[in-house]
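Reader: I have a model open and would like to learn how to read its features one at a time. Could you walk me through it?

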Amino acid sequence: MTTYAHKKIAATIAELDRVPHNLGDFDEWIHAGRHLNYLEANMKSDEVIVYASGPYSFIHTIAVPSSALASEDPESLLYWSCDPFTSIANYVSGGGRDTMWIERCKDHRGSPALNAGVDLIFGRTFEGWAGAERNYIEVNQEYTHLSGIHWRPERRAYCRFDGNGDLADVVSITHDSMGASVSLVTFTWPELEEYLGIAGYALVQMFDFTLLRYGEFGGWGDVPEDIVRVSDDFLFRQKVSGKAAYTRGVQIIRPRDARTISDNISSRWSGSSKREYATFIADDWRHNKVIEISTDPAATTNYFEAGQNDLPYELSPVFFRPEVISRYKTDREKYTIGERDIVCRASWTLRGYDVNDAGQVFAYICYLRDLPYSEQLLWKAFNEPPKAGISERAFIHDFKGEFVTFQTPRSEMLVILKRWKDGGVEWWMLRDEDLLDRANPPITSSKDEWAEAVMDLSKLIVEGFELKFLRKTLDNLGQSYSAHEMSIALLERIVGERNSGDRPAHLEGLRTVQYIRSKVKGHSGSSEGKAIAKEALAKYGTYGEHFRHLCKLIVDDLRKIESALGA
C-alpha cells in the first residue's frame, strides 16, 4: 500500500516507456521529450523521484553539498557513472600489507562533486536467497533517524505519524520483485527539503533514457553526440542514431525557498511557529459570565500575571455535548481515553477533561490550545454553554490542589485488578493491557457505546480468569462440577464453599456483565436486548450511571473472589 502519488508516478513512467506503434510517434518518442518534461514537472511536486528503473528509463538521485556543485562546471556531471547497487565499502587484502582493511568506495561516481555526494538509498541483494525480497531497498540511516521514519512492510513505505496521529508514508518503495514493471522509490518533498536545507545539500538527479526497439538495434554508429544545456541545473547528452537514441544527463534540484525553510525549521524547533486558535463559549469565572474565549495564549492569563491585566483565566472551563468523545472511542488503536486525558498516538494529548453532573464533557482553555487547530474546530462543533459547574473531582484536584480521596467504582475495580496483575495471582491474568484504559463509562445516550463499554468489562475481567486453576481448586475442595461450567459458575462454587459452605454464591456483577454482553452486544437487534437497554435507562437514568452501578457490583464480586482464593 503506497501513496496515490507514488502509484501515479510509477504508472506515468510505465506509460512514458511504452513503445509507440506508429512510426511518426516512434521517431518523436526516441528524442525523450516527454520523459524530460516529466522530470521537470516532478521536481516541483510533493513527491520526488529518487530512484526509478523502467523498461527504458533509469533515474538515480543523490544529495550533494551545494558548495561542491558551485565549484564545478555542470557539464562534468554529465559523465556520471553510478547506481544504488554499487557497494559503498569492501574488505580488502594484499597490496603489500599484512592485514586486511576496509576500502570505502568514494571515487566512483564520475566527478568530484558527485563523489562528495551522499547516497539516499541503497539497493541490496541477498545472495543465495531464492524467495521474495531477494532484492530490496534500504534508506540512508541518517535520513531515517532525522526524519523519524520507520519501515512498515504492509505499507511498503518508511512512515511516521503525522500531526493527526495517522501514518504518513514519507519514503515509498515499489520493487520489481513485487511483479511491478517499474521499480520506484519516491521521497515526500517537505521532509526531504528540510534535510537538504539544514545539511546544505542539493539533489542531483541522474537520468538515462535509452529508447529503441529491442531486436532492431544495430549499434550507435558515428553520429555525433549533442550536449543540450537547458540551464545550469538541467543538461544532458543525447545521441540519435537511426531508430534509437539515448538521453543521459542530470537535473539539480535545490531547496525551493531557503528563507521559508529556515523560518519553518527555527520556529518548529523553538516552538514559536505561527498557529491558529479557535474560540469557545466558556465560563469566565474570573468575571462571572459566559463569553467566547480564544485559545490564543494572548487572550487569557494565569494567577501570577492576573494583577497586570483583566483577561479571563486560562483555566476557564469549556463545556461540550458528550458526543464529542464518541469519535475517539471508535478508533482505539489511535486514541487512548483515560479517566482525565485523551491521547492521540505520537501527536497530541488533551489533559484535564472530565464530565460534570449534567453529563457535559468539559476541558480548560489552556489544554484545548494544545490541540491541533483542526482538532480544536472539531471540539468547537460540540461546544455549548454550561448546564452545571465542573465536577467535584476536578474542583478538588485542579483548583484546591488536593488529592481526591474518594474513588469511583471503576477506579476501585482497577485497583483490585492491578493488584492481582502485579501480584501474579494464579486465578486471573490480564489478557490485554489496553483493556485497562478501554473499559470506560459511557458518556452519551448511545446504546452502542454502553454495550461496547460493558463488553470491555467482560473482556477485561471475565476473560481473564484461569479455568484450569479454578477447576483444580474445586478438585482440591472435593467439589464436583460439569464440563460445560465456565469461569463464573466455577467461581461461584469456590466462593460459596469458602464463605458459607452450603451453596454456590451469586456473583451478580459478573453475571450481569456477561448477560448484557450476550443479549445486547451479541444480539443487538433482538427484542430482549432492547428491553435490557430500556430497563437500564429507566432504573438508572443514564447508561453512565448504570455502568457505575455495574462497577460497584463487580468490586463486591472481586473482593469475595479475592477473599475466597486467599489473596
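Reader: Let's begin at the end of helix 20: which residue follows this helix, and what is its phi?

Author: Gly566 follows helix 20, and its phi is positive, near 85°. Keep in mind as we go that this is a predicted model.

Reader: How does the length of helix 20 compare with what its residue count should give?

Author: Helix 20 has 22 residues, which at 1.5 Å a residue should span 32 Å. The C-alpha atoms at its ends lie 31 Å apart, so the two values agree.

Reader: And what does that check give for helix 15?

Author: The 14 residues of helix 15 should span 20 Å at 1.5 Å a residue, and its end C-alpha atoms are 20 Å apart, which agrees. At the N-terminal end, Ser446 acts as a cap, with a side-chain oxygen 3.3 Å from the backbone nitrogen of Asp448.

Reader: Is helix 15 mostly covered or mostly open?

Author: A general idea helps here: an α-helix has 3.6 residues a turn, so residues three or four places apart point the same way. In this case, helix 15 is mostly covered, with 10 of its 14 residues buried. Among them are Trp450, Val454, Leu457 and Leu460, along with Glu449 and Asp456.

Reader: Which residues touch the most other members of the largest nonpolar core?

Author: That core has 45 residues, and the ones touching the most other members are Met413, Leu460, Ile461, Phe465, Leu510, Leu558 and Ile561. Several helices each supply at least two residues to this core, including helix 13 (409–423), helix 15 (447–460), helix 18 (508–521) and helix 20 (543–564). Helix 20 gives the most, with nine residues.

Reader: What does Ile461 touch, leaving out residues up to four places away in sequence?

Author: Ile461 touches Met413, Leu417, Trp428, Leu510, Ile554 and Leu558 on that count. Apart from this core lies another one, of 41 residues, with Tyr143, Tyr158, Trp189 and Leu196 among them.

Reader: Now for strands. How should I read the pairing of strand 14 with strand 13?

Author: The general idea is that strands of a sheet pair through backbone hydrogen bonds, either parallel or antiparallel. Strand 13 (residues 226–231) and strand 14 run antiparallel and are joined by five bridges. One bridge pair to find on screen is Asp226 with Gln238 in strand 14. A hairpin of two residues links strand 13 to strand 14.

Reader: How many bridges does strand 14 make with strand 15?

Author: Strand 14 and strand 15 (residues 244–253) are paired over eight bridges, in the antiparallel sense. Arg237 has Arg248 in strand 15 as its bridge partner. These two strands also form a hairpin with two residues between them, and Gly242 in that turn has a positive phi of about 65°.

Reader: Why can strand 14 be called largely enclosed by the rest of the structure?

Author: Seven of the eight residues of strand 14 (residues 234–241) are buried, so the strand is largely enclosed.

Reader: In what order do the strands run in the open sheet of three?

Author: The order is 19-20-21, and the pairing is antiparallel. Strand 19 (335–337) and strand 21 (348–351) are the edge strands, each pairing on one side only. Between strand 19 and strand 20 (residues 341–344) there are three bridges, and Ile337 stands opposite Ile342.

Reader: What is unusual about a positive phi outside glycine?

Author: Most residues other than glycine have a negative phi. Ala346 has a positive phi of about 55° although it is not a glycine. Ala346 sits in the loop between strand 20 and strand 21, and at 64% relative accessibility it counts as exposed. Asn288 also has a positive phi of about 55°. It lies in the loop between strand 16 (279–284) and strand 17 (289–294), and Asn288 is exposed, with a relative accessible area of 71%.

Reader: One last residue: is Arg393 buried or exposed?

Author: Arg393, in helix 12 (residues 392–399), has a relative accessible area of 18% and is therefore buried, since the cut-off is under 20%. Its side chain makes a polar contact of 2.8 Å with that of Glu339. Arg393 also touches other residues, including Asp354, Val404 and Phe406.

How values were computed:
Residues numbered from 1 in each chain as written. Predicted model: local features only at pLDDT ≥ 70, side-chain atom pairs only at ≥ 80, totals over all residues. Heavy atoms only, no water. Buried < 20%, exposed > 50% of the residue type's maximum accessible area, 1.4 Å probe, protein only. Helix = DSSP H or I, 4+ residues; strand = E, 2+ residues; numbered from the N terminus. Pairing = 2+ DSSP bridges. Core = buried A, V, L, I, M, F, W, Y, C linked by side-chain atoms within 4.5 Å. Contact = heavy atoms within 4.5 Å. Polar contact = N/O pair within 3.5 Å; in protein donor to acceptor, adjacent residues only side chain to side chain. Expected span 1.5 Å × (residues − 1).
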